[in-house]
Amino acid sequence: MKKFKTVIVAALLVSTSGFANADFNQELSAIQKVWASVNYELQDEAQEKAFEALVKDSQSLVANYPDKAESHIWHGIVQSSYAGAKGGLGALGLAKAAKAELEAAIEIDESALSGSALTSLGTLYSQVPGWPIGFGSDKKAQQLFDKALKINPTGLDVNYFYGQFLYDEKHYKEALEHLKKAKNAPARLGREKADLYRQHEVDNLIAKVERKLKHKR
């Protein structure tokens, strides 16, 4: 009887875990979908207010699932996106908070969501001002992008953001190579809107890179 009870308890734990994962995936997907709408379809004050609200939702995701790398990744992404919408020195605090969340995600599992924490943190390091104003560092950004590309060499976001980094560094030929990889990246299930808008960004950046390369000939 004792063994039977143990089996029942184990089965219940597995079942509960399954429901918890289903709930987490649903909550994560909801944040991803709202983020895509806010990031690409809103502007100015409306976007800033929407990101402010979404930060609270992503914070709740972290509070409910603190051991999930994915929750920290998306809280960091939302915070960094809010920082971008807010702009100015007031955004630096948000960028630092996003950095902490992405570092927490890397500590848990740097390969989660195909290395998204590494990609997002690399992007932060490449865009935030350097010392003494901020923590920006092109050297650190390069290291993080290198790690992310090893995990997900054909990914859309990592190749786009690394292409942007290379463009800013005036390495136009290398930038074009990664942007073409982004253009041919596999679609992401449940991320159709984000993929659509990101591919528009890829096209726009490819056009800018090609103009630069044309002028260099």
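Read from start to end, the chain follows the pattern α-α-α-α-α-α-α-α-α. This is a predicted model, in which local features need pLDDT of at least 70 and side-chain atom pairs count only at pLDDT 80 or more, while totals for chains, interfaces and linings use all residues. Residues are numbered from 1 along each chain as its sequence is written, and side-chain values use heavy atoms, with hydrogens and water left out.

**Exercise 1. The overall picture**

Work out how many helices and strands the chain has, and what share of its residues is buried.

Solution. Start with the secondary structure: there are nine helices and zero strands. Helices (H or I, at least four residues) and strands (E, at least two) are DSSP runs, numbered from the N terminus. Next, turn to burial, where buried means under 20% relative accessible area, exposed over 50% and partly exposed in between (1.4 Å probe, protein chains only). Of the 217 residues in the chain, 41% are buried. To finish, add the dimensions: the C-alpha trace spans about 80 × 35 × 30 Å along its principal axes.

**Exercise 2. A cluster of rings**

Find which rings pair with Trp35, and say whether each pair is stacked, tilted or edge-to-face.

Solution. Begin with the rule: rings of Phe, Tyr and Trp (its six-membered ring) pair if their centres lie within 6.5 Å, and planes under 30 degrees apart count as stacked, over 60 as edge-to-face and the rest as tilted. The structure holds ten aromatic pairs. In one of them, the ring centres of Trp35 and Tyr40 are 5.8 Å apart and the planes stand at 80°, so this pair is edge-to-face. Trp35 is buried at 6% relative accessibility, and Tyr40 is buried too, at 17%. Trp35 also pairs edge-to-face with Trp74, with 5.5 Å from centre to centre and 75° between the planes. That pair links distant parts of the chain, since Trp35 sits in helix α1 (residues 2–41) and Trp74 in helix α3 (residues 69–86), 39 residues apart. Trp74 has a relative accessible area of 4% and is buried. Last step: ring pairs link Trp35, Tyr40, Trp74 and Tyr197 into a cluster.

**Exercise 3. Around Tyr125**

Locate Tyr125 in its helix, decide whether Tyr125 is buried or exposed, and list what Tyr125 touches beyond its sequence neighbours.

Solution. First, the place: Tyr125 belongs to helix α5 (residues 112–127). Second, the burial: with 9% relative accessibility, Tyr125 counts as buried. Third, the contacts (heavy atoms within 4.5 Å): setting aside neighbours within four places in sequence, Tyr125 meets Lys99, Glu103, Phe135, Gly136, Ser137, Lys140, Ala141 and Leu144. As for Lys99, its charge lies over the face of Phe135, 5.6 Å from the ring centre; the criterion is NZ of Lys or CZ of Arg within 6 Å of the ring centre and within 35 degrees of the ring normal.

**Exercise 4. Backbone details**

Identify which residues are joined by a cis peptide bond, and where Leu113 and Ser114, with positive phi, are found.

Solution. Look first at the cis bond: it joins Trp131 and Pro132, with omega about 10°. Pro132 lies in the loop between α5 and α6 (138–151). Now check phi: Leu113 has a positive value of about 50°, and Ser114 one of about 60°, although neither residue is a glycine. Leu113 is in helix α5, as is Ser114. Finally, Leu113 is partly exposed at 31% relative accessible area, and Ser114 is partly exposed at 41%.
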